[in-house]
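Take a look at the model below. A few questions and answers follow.

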Amino acid sequence: MRKPIIAVDMDDTICHLVKRAIYHNNNDFPTHVLKYEEMLDWNTDHLRHPDCTQDVFYGRPGLYEELELFDEHVVGEMEKMHNAYDVIIVTAAQPNAVVEKWNWLQKHMPFIPIENFFPCKRKNLINYDLLIDDGVHNLVPALQDGRKVLCIPHPWNLRAREQYGFPLLTSWEGAKEKIDQIFENSRD
């Protein structure tokens, strides 16, 4: 019997990218201080200093290796999920960030093998049964394709959460049990 495939995003799902990018932005561009709560959309060009392009904001060398874990439960829950399901990491990444993301994953979750690591922006091209993500651009197509989703809530997905009513994963505590319940309910 095939194990269900759970696709898990990295940035702002199992680790904190935006908060770390904001930290560096605020050090480098003190005239354009950003706040996490103000990040209401993916496009933050109007909030950032003109010299702080998307490439500068998300392209700082070493950024992806210094990210903090999402919470104290994420590693244990990911390992439980890995043991019960076919867990794949599906993460958008510029070519220069792929190695950093893999290094981060191996440092914190060495139980995830290389064949389960997919740098991929268009996640709807990947076969999975459940997607855990913060990106509306990934969650909506998954729902439209009839797949299950869990949304990691952040300011930038608030409007979509209200519109689509995504089921939420606000903490990784008990995540595996929540996923078990989602799959049990879908069999009824």
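**Where two domains meet**

The area buried between domain 1 and domain 2 is about 950 Å² in this predicted model. Carbon and sulfur atoms give 55% of that area.

Q: In domain 1, which residues lose the most area to domain 2?
A: Three residues together account for 58% of what the domain 1 side buries. They are His 16, Pro 155 and Trp 156.

Q: Which residue ranges make up domain 1 and domain 2?
A: The domain assignment splits the protein chain into two domains. Domain 2 covers 18-59. Domain 1 is given as 5-16 + 69-185.

Q: How many residues of domain 2 are in contact with domain 1?
A: Contact here needs heavy atoms within 4.5 Å. On the domain 1 side, 12 residues qualify. On the domain 2 side, the number is 10.

Q: Which side chains meet in a salt bridge?
A: The count between domain 1 and domain 2 is 1 salt bridge. A salt bridge needs nitrogen and oxygen within 4 Å. One pair of side chains meets at 3.7 Å, N to O. The two residues are Asp 41 and Arg 159.

Q: How many charged residues are in the lining of the largest cavity?
A: The search of the whole structure finds 1 cavity of 30 Å³ or more. Its lining includes Val 18, Asp 41 and Trp 156. By class, 5 lining residues are nonpolar and 1 is polar. The number of charged residues is 1.

Q: What volume does the largest cavity have?
A: Among the residues that line this cavity are Met 39, Trp 42, Thr 44 and Tyr 58. The volume is about 40 Å³.

How values were computed. Residues numbered from 1 in each chain as written. Predicted model: local features only at pLDDT ≥ 70, side-chain atom pairs only at ≥ 80, totals over all residues. Heavy atoms only, no water. Domains from an automatic or database assignment. Buried area = accessible area lost by both parts, 1.4 Å probe. 1 Å grid on protein atoms, 1.4 Å probe; cavity = no way out; pocket = protein on both sides within 12 Å on 5 of 7 lines; lining within 4 Å. Points joined across faces, edges and corners; volume = space filled by probe spheres on them. Nonpolar A, V, L, I, M, F, W, Y, C, P; charged D, E, K, R; others polar.
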